[in-house]
Amino acid sequence: MRIGLITEGGYPYATGESGLWCDRLVRGLAPHEFDIYALSRSARHDALPALPPQVRAVYTVLLEAPADDGVRLGRRERRRFAGHFGNVAAAVCAGGDGFADGLYGLADLARDNGGLHAALRSETALRALEAACHAPGAHRALRGVTVADLLTVADHLEQALRPLSLDWYGDDALASADLCHATSGGPATLPGLLAKRFCGVPLLVTEYAVHVRARYLAGREAGLSGPVRAMLAGFHGQLAAEAYRQAAVITPGNGHTRRWQAKCGADRAAVRTVHPGMEADRFAAVGESDDAGDGGTLVWVGRIEPAKDLVALLHAFAEVRKEEPAARLRLFGAPAPGEEAATYLAHCRALAAQLFPDEAADAHAVGDNPVSFEEIGGPETPELADAYAAGSVVVLSSVVEGFPVSLVEAMFCGRATVSTDVGAVVEVIGGTGLVVPPRNPRALADACLALLRDPERRARLGAAARARALELFTVEQNLTAFRGIYLELISHSPVQREAVDADGEPLPFAHPAESHVPGGWTGGAGSHTPGWAAASGPGLVDAGSAPQTGKEAGR
């Protein structure tokens, strides 16, 4: 089975959780071939890392590079472009049903003429956007739109719609895939949408973060004006709705993402929650140890940034110290990229020094602060698991959180947890930890004190947390879920391509038996895959530009 795996800003070039997840998926479903289609946001992709042998080719395109392919539309094509782009602009600014027709019309135009880079930045595009902003029913935030706003939006739309102009839809690329798997929302779904429209390839969409929400927040952080944010939010909302309509299956990573998808129009019958898979083995030594950690130490692990609300945690710890003077707080992490995070870390250090002056046991002892800021990799904590082993209670104080990775890691380590009720925290924790409202230092302190004073309760919750994490959040669980989903999708769209070996000879039994079953062999889009069907498995899907073979990828 051949999978077209479409990624944006991640695998196979970038590290991080998204890249790790894709790599584990490709390696874990080894019998199948993968073509990687990568939408890159960095020019640093000259050398590919070593990829597994089942990766057949890598196609890469740079989204944020200035692009002008020299294509100029004739008079008739310009009229077609104005009509289709006008439909997209009207839907972006006022909603409505014209977005899909406009999007696929632009795709057909790009296919016929070789690209739309210049057209999407042309005066025709700007006039269409301006007319849509002032049309009846347009969003109120667009009333004060300026020419500078229109230029900014046109630039963003050109980048987002760049997949329309790619040559990925021929018989030697996505048309040869048995399944397209978009590993995120947004532009990564566009190649999958066009592969389905042009070639009939089924589409699977996986989202471990809410793309629409992330784009809107990124616009605020970048200082974009209100009209620009409103138009970009409208575009990404319309694109998400179309992707959800066309996807055979949608796999959010948690209930928080699933609820956002439902708000954007996802059919609940097509949605299957598949939790991210994480490596449990690296935490096994701590999780299986009889050492429950220092009973008076609270631990926090993560990237230091305003969303983590360490200020509230420090104020909560001040309340803890009033009741338990021997308590300590160890913060493990480095600032997130950017000047704002570095400034926030400096502010937190200054607040800690103000709230907790260095204390000494007597006149001859060296003073010590009960709050420490530490980084993983030092002499005392060479590994991530050592950070969780340093204390008996792990705290999460965030005001914004998607899937709480640090919380799952604490659960693998068998630690009791205190968390704020944000994102997917309650879904992850279940009944194995204490949850309090965000921005409430008093409630956070009370929960921490309750666990610090009750070792038996800590042990009971920690054991339950580890059992829950091993059941729901391992790599094996993730692979099993996608293996079953792939088999179900291929049963609805049987493989037509003949499998051959390296010498071009037919390869018997290369396709799973389900691929030869006429029609669907499950009860419908919302039914569960039978247990016996999860024993063998297909692969995934993503997108890229000029292909590189396995040898070129360093295999």
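No disulfides turn up anywhere in this structure, a disulfide being a pair of cysteine sulfur atoms within 2.5 Å. What you're looking at is a predicted model, where local features need pLDDT of at least 70, side-chain atom pairs count only at pLDDT 80 or more, and totals for chains, interfaces and linings use all residues. Residues are numbered from 1 along each chain as its sequence is written, and side-chain values use heavy atoms, with hydrogens and water left out.

**Cysteines**

Let's stay with the cysteines for a moment. C133 has its closest cysteine sulfur in C93, but at 4.0 Å that is too far for a bond. C133 is also buried, at 4% relative accessibility; buried here means under 20% relative accessible area, exposed means over 50%, and partly exposed is in between (1.4 Å probe, protein chains only). C180 is in no disulfide either, and the nearest cysteine sulfur, in C199, sits 8.2 Å away. C180 is buried too, with a relative accessible area of 0%.

**The chain as a whole**

How many helices and strands does the chain have? There are 18 helices and 13 strands, taken as DSSP runs numbered from the N terminus (helices are H or I with at least four residues, strands are E with at least two). Of the 555 residues in the chain, 53% are buried. Take the contacts between residues at least 6 apart in sequence: 73% of them link residues at least 24 apart. Contact means heavy atoms within 4.5 Å.

**Cores and helix α2**

The largest nonpolar core has 74 residues, and F81, F85, W168 and M231 touch the most other members. Such a core is a set of buried Ala, Val, Leu, Ile, Met, Phe, Trp, Tyr and Cys residues joined through side-chain atoms within 4.5 Å. Another core, of 36 residues, lies apart from it, with W300, A318, L444 and L449 among its members.

Which residues does M231 contact, leaving aside neighbours within four places in sequence? They are V92, C93, C133, L142, V145, L150 and V153.

Now for helix α2, residues 75–94. Its 20 residues reach 28 Å from first C-alpha to last, close to the 28 Å expected at 1.5 Å a residue; that expected span is 1.5 Å times one less than the number of residues. Its buried residues are F81, F85, V88, A89, A91, V92 and C93, and they pack against α3 (99–113), α4 (123–133), α5 (147–160) and α8 (226–246). After α2 comes G95, with a positive phi near 80°.

**The open sheet**

Six strands form an open sheet in the order β9-β8-β7-β10-β11-β12, with parallel pairing. Two strands count as paired if DSSP finds at least two bridges between them. At the edges are β9 (371–374) and β12 (434–436), each pairing on one side only. Neighbouring strands are turned by 20° against each other on average, direction ignored, going by axes that are lines fitted to C-alpha atoms (for helices, over the stretch in contact), with angles from 0 to 180 degrees between N-to-C directions.

Strand β8 (residues 328–332) runs parallel to β9, and four bridges join them. F332 stands opposite E374 in β9. Is β9 covered or bare on its two faces? Both faces are covered, with V371 and F373 buried on one side and S372 and E374 buried on the other.

**Two loop residues with positive phi**

Most residues other than glycine have a negative phi. Here are two that go the other way:

| Residue | Phi | Loop | Relative accessible area |
|---|---|---|---|
| D309 | near 50° | between β7 (297–301) and α11 (310–323) | 12%, buried |
| R439 | near 55° | between β12 and α16 (441–452) | 64%, exposed |

These two residues also meet in space: leaving aside neighbours within four places in sequence, R439 is in contact with D309 and V399. R439 and V311 are 128 residues apart in sequence, while their C-alpha atoms are 9.3 Å apart in space.
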